[in-house]
Amino acid sequence: MFGFARITRGTTEAAPRRNRTRWMLGTMVLAGGLIAAACGSSTPSAAKKTSHSASSSKTTTTTAPSSTSTTVAGSTTTTAAAGATTTPTTAKASTTPVTTKTVTTTPPTAAPTANNALGGANDFNTPAASLTGAGSTFDQPLFARQFYDFNKSDSKVSVNYASVGSGTGETDILAGSVNFGASDVPEPAGTTGSGGAILQVPVVLGGIAMAYNEPCLGKNVHLTGTQIAQIYAGKITDWNTIDSSCPTGSAIEPVYRADSSGTSNAFTHYLTSVDAADWPASLDGKQPAFPKGEGGNGNAGVAGDVQGGAGTIGYVELAYALQSGLNYAAVENSAGAYVVPSSASVAADAASFPGVSATNYLIVNGSGAGSYPISTYSWVIVYQKQSNTSNGIALGKLLDWMATAGQSDSAAIGYVPLPANIQTLAETTINQMQNSSGQPLFS
Amino acid sequence: MSTDLLEAPAPSGKDPVAAERRQLIQAAARGTLKRRRTVALGIRILFGTCMILTLVPLVALVGYVSKRGVGALSVAFFTHTPTPEGIPGGGISNAIVGSLLINGLALVIAMPIGLLVALFLIERRGPVANVIRFGADVLTGIPSILIGLFAYAIIVAHTHFSAYSASVALAVLMLPIMIRGDEEAMRTIPNELWEAGLALGARQSRVVRSVVVRGAIPGLVTANLLALARAVGETAPLLFTAIGSQLFSLSFNQPMNAIPIVIYQDGTTAFKDLQSDAWGAAFVLMAGVLVLSIIGRTFAARLTRKSR
Amino acid sequence: MVTKEGSPRHLLEQRRSSRSSGRGYAAVLWTAAIFFVVILAAIIEGIVSQSTSAFGHFGFGFLWSTAFNTVTNQYGAGPFIIGTLVITAIAMIIAVPVGLATASFLTEMCPRRIATPLGVGIDLIAAVPSIVVGLWGLYVMQPVFLRDVEPFMQKIPVVKLLFKGVAEGPSLFLAGFVLSIMILPTMVALTRTALAGVGTLDREAAFALGATPWQVIRKIVVPGANSGILAAATLALGRAVGETIAVTLLIGNVTRITHPFSLLNPGATLGSIIVLNFGESGQLPLLKSTLFALAVVLLIITIIVNVGGRLIVRKNRQFRLP
């Protein structure tokens with residue numbers, strides 16, 4: 001009934017507007033449908049090619065930068081090599097040049113089962129992979145730098161890391177919903193997940209700073225372990241008790257991790273070992289029932305709460321304190337000296353625990369005059385049997401780089417380069433990775 | 001106005017009792033007039049203060065967000081993906097694209113269903129229509145976190161975190177607003193037009209398509225825009241479905257970043273770079289929602305003007 | 001547009017319904033309608049079904065138990081129900097009178113030229129997403145409250161009984177206050193509509209009798225708009241109960257109940273506890289079921305508020321001034 005439309009057009013004044021609106025709606029729907037249909041799959045090359053057009057020629061982060069020309073013959077994916085090589089606009093000291101990288105190993109055209117030994121520091125010969133990880137917020141600042149730097153050298157590997165806390169990371173990797181998990185507290189021996197047995201690779205060493213926000217205190221207030229325990233137990237409530245330069249009535253507000261946290265585990269274990277009277281063993285764990293204070297979410301949330309509050313004190317990885325501009329305490333170590341967390345002091349603490357492994361991982365309260373007592377390693381959890389070989393190889397090489405050459409990022413932002421024996425432990429563990437039929441991935 | 005009656009001379013009547021009573025009443029009214037006026041003035045000041053108290057935080061909110069947000073905007077902000085803390089040049093391009101995609105898909109899902117259910121409500125009376133109308137009203141009030149949990153329970157728990165599950169959650173969120181709004185819009189079409197169409201022998205569906213829906217387009221657009229404005233700002237459903245991502249992704253089958261997620265995650269950190277990203281994102285979101293609302297209301301105003 | 005019996009359209013409809021060409025269209029509409037009902041049922045089923053193991057494990061004591069320990073796997077909803085009720089009460093106590101007063105001012109005591117743009121402005125700000133309001137509350141209001149407002153409240157004679165202890169930062173009071181800012185525009189907008197709905201005839205009659213604007217409001221407008229104001233308050237209450245994200249940022253995320261009770265304590269609400277604990281509940285199925293159980297409690301509260309409000313409004317309508 002076409003005459004119909006003509007009649008109605010006469011009765012409503014909205015004729016021209018109506019058509020325009022319809023055009024807008026239709027275009028929107030079409031566009032949405034087209035985009036959804038065109039990019040249904042999640043192949044890394046598809047993601048990279050589209051990100052190539054969206055981002056400018058400046059450096060992007062863990063996704064593919066706009067061009068990297070590698071001379072690896074017959075590599076399985078080529079990133080769109082349009083434009084010049086990227087020059088990082090930041091004045092970062094150690095920029096690995098993103099240019100042609102001649103690789104000497106055989107080109108991985110075939111199914112890369114017969115691929116490589118772990119090439120160590122400069123092995124960027126990886127298959128293309130888009131990896132997901134989840135876990136410790138303790139590691140997140142270092143991981144962010146490492147994934148960024150690795151991607152600049154090897155654009156085939158992009159990593160999405162969800163900084164959700166050690167507990168959640170463990171859950172996710174055991175459920176198989178991510179490629180790797182990260183936790184400051186390794187799983188007990190014999191733990192298996194949906195993909196079978198797991199491997200735990202040490203990749204991070206860092207100190208837990210007691211960051212505080214109280215103007216009347218100086219830059220590095222002196223705290224003993226007992227004082228920290230009593231603050232968190234609610235027995236010390238006034239900064240004046242700690243440091244007389246503060247007037248009485250300066251309330252202390254302790255901030256703790258409300259979520260399941262490996263950082264909490266290391267911190268509460270330290271409290272129990274130095275002051276079991278005020279901090280019993282029942283309060284030692286990843287998510288203990290803190291009797292006083294407010295809960296923050298993740299290391300970032302605790303740092304945020306400390307920064308946004310008044311008279312607050314919280315335990316965060318040193319990088320968080322440094323990057324937020326928070327003051328942190330000098331803590332008394334087992335030798336009686338008050339030590340500020342730093343690369344050197346945390347390394348000294350770690351050195352007093354030479355036999356660290358996934359079953360013997362706590363390193364708090366070490367001996368040595370220059371040790372910082374609240375320190376911890378952090379571990380990446382992967383499945384021994386990798387169901388996807390490309391992902392497995394990429395993952396292994398990434399972890400290997402992170403444990404070795406990638407440690408150059410550590411000291412700059414508040415972590416500690418892994419000691420040599422731990423690097424060896426890492427590489428040994430990575431070499432145990434297998435493909436889905438049980439053969440070693442790395443020769 | 002009100003005092004004229006009081007000050008008017010008493011009408012001369014022969015009845016002295018009535019005149020005396022009238023004077024008593026007028027005297028009483030005159031006596032209370034001052035008190036009543038003072039009270040009225042006092043109330044006026046009090047309520048005026050209340051109004052200022054209402055406006056001050058709201059204006060301060062918009063002002064503060066704008067001030068902090070505009071400072072964070074730059075070309076890099078819109079075109080780059082996030083960089084680690086300490087490395088400048090990061091942005092929220094993946095979040096902006098993510099928000100557009102997730103909300104776009106949600107619109108595509110919700111619009112036809114909303115329109116059809118609204119048509120159903122118009123066509124039929126009876127228990128089913130009442131149940132649906134009641135259900136839509138209740139659904140409008142359900143907290144968005146519960147809808148996020150629902151999407152988690154039926155999609156994510158069986159698969160994995162993905163952008164399309166977020167779209168489903170947002171579509172469910174939009175649906176009741178669209179249904180009620182579409183229904184209201186189509187009810188403004190006068191009966192006569194329906195009957196004229198039917199009298200010409202057209203089928204019901206033809207009448208609806210050509211007459212009702214076309215005529216109600218401004219109202220429909222309003223309803224849909226307002227629903228979209230609400231869905232764009234929701235954070236809780238996204239945290240359980242799309243959970244965010246640092247990568248630039250166009251795949252609906254993977255986690256995706258979105259503007260509210262950026263605001264929530266980056267705004268609670270202590271890192272200045274990320275905080276500034278969060279404020280920029282907050283400004284973009286607030287501006288976007290305001291623009292959508294203004295457009296929606298302009299359409300609504302045109303609709304009411306037209307129907308008058 | 002309702003089909004009147006005997007109207008031309010109704011007759012046509014009756015004749016129409018027998019034609020097969022209308023059936024396809026009717027089928028499409030029925031499908032959509034049933035699909036919508038199915039969605040509603042699925043929402044409720046999806047949440048309730050995941051919560052059964054927690055309810056089965058803890059029983060009804062769950063509702064007032066104050067335990068929350070992931071190590072011993074003991075959970076209760078008590079602190080969170082209390083938290084939700086407290087901040088909702090604070091928000092309503094602030095927002096309802098102020099909203100009512102503002103709306104009255106705008107409709108009765110303000111010249112139309114100023115009132116209309118102000119009203120539109122308030123309506124628009126009602127659309128600002130709650131995450132933005134929460135962030136502003138975190139950065140701007142929290143320091144102000146910590147430094148000035150909360151110590152001030154501790155000095156007011158009777159009120160200070162509620163403000164014992166030391167101001168810590170995030171608190172029930174702060175969350176309640178920012179929540180009231182969020183529901184205030186809703187309250188104002190809906191009350192304005194309700195007040196404007198009272199006929200001008202009644203107003204003018206009152207003015208003609210010599211009433212002042214305040215008397216007009218008190219005696220004529222508010223009683224006349226009773227049901228509308230109640231509806232507005234109910235909607236505001238519903239929004240306050242359901243608000244999650246902004247509250248999460250401001251309330252301190254503490255799962256214990258601190259003695260003595262004070263509005264300066266941090267706490268948690270049903271929504272905030274779900275948001276903050278959901279990610280790590282994978283390894284703790286009882287915790288996950290508990291979070292869904294808390295969601296069920298929240299759902300029940302929301303439905304009671306919604307349905308109850310509508311019933312009150314409907315009942316009140318019978319007693320409105322003729």
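**Exercise 1. Which pattern does chain C follow, read along the sequence?**

Before we start, a word on the model: this is a predicted one, where local features need pLDDT of at least 70, side-chain atom pairs count only at pLDDT 80 or more, and totals for chains, interfaces and linings use all residues. Residues are numbered from 1 along each chain as its sequence is written, while chains are lettered from A and ligands numbered from 1 in the order in which they are written.

Step 1: get the terms straight. Helices (H or I, at least four residues) and strands (E, at least two) are DSSP runs, numbered from the N terminus.

Step 2: walk along chain C, and you read α-α-β-β-α-α-α-α-α-α-α-α-α-α.

Step 3: tally up, and chain C has twelve helices and two strands.

**Exercise 2. Describe the box and the burial of chain C.**

Step 1: along the principal axes, the C-alpha atoms of chain C fill a box of roughly 70 × 65 × 35 Å.

Step 2: call a residue buried if 20 or more other C-beta atoms, placed from the backbone, lie within 10 Å of its own, exposed if 12 or fewer do, and partly exposed in between. By that rule, 50% of the 322 residues of chain C are buried.

**Exercise 3. Explain why Val178(C) counts as buried, and find its partners.**

Step 1: locate Val178(C) in helix H6 (residues 172-196) of chain C.

Step 2: count around it. Val178(C) is buried because 30 other C-beta atoms lie within 10 Å.

Step 3: list contacts (C-beta atoms, placed from the backbone, within 7 Å). Skipping neighbours within four places in sequence, Val178(C) touches Val133(C), Gly134(C), Gly137(C), Met141(C), Ala246(C) and Leu250(C).

Step 4: pick one of them, Val133(C). Val133(C) and Val178(C) are 45 residues apart along the chain, yet their C-alpha atoms are separated by 7.7 Å.

**Exercise 4. Work out what chain C brings to chain B, and what chain A brings to chain C.**

Step 1: take B and C. Their contact uses 68 residues from chain C and 76 residues from chain B. On the chain C side, helix H2 (residues 21-58) gives the most, with 17 residues.

Step 2: sort by class. Ala, Val, Leu, Ile, Met, Phe, Trp, Tyr, Cys and Pro are nonpolar, Asp, Glu, Lys and Arg charged, and the others, Gly among them, polar. The side of chain C that touches chain B then has 50 nonpolar, 16 polar and two charged residues.

Step 3: turn to A and C, where 22 residues of chain A meet 19 residues of chain C. H5(A) supplies the largest share of the chain A side, six residues. By class, that side has six nonpolar, eleven polar and five charged residues.

Note on methods: Two residues are in contact if their C-beta atoms, placed from the backbone, lie within 7 Å.
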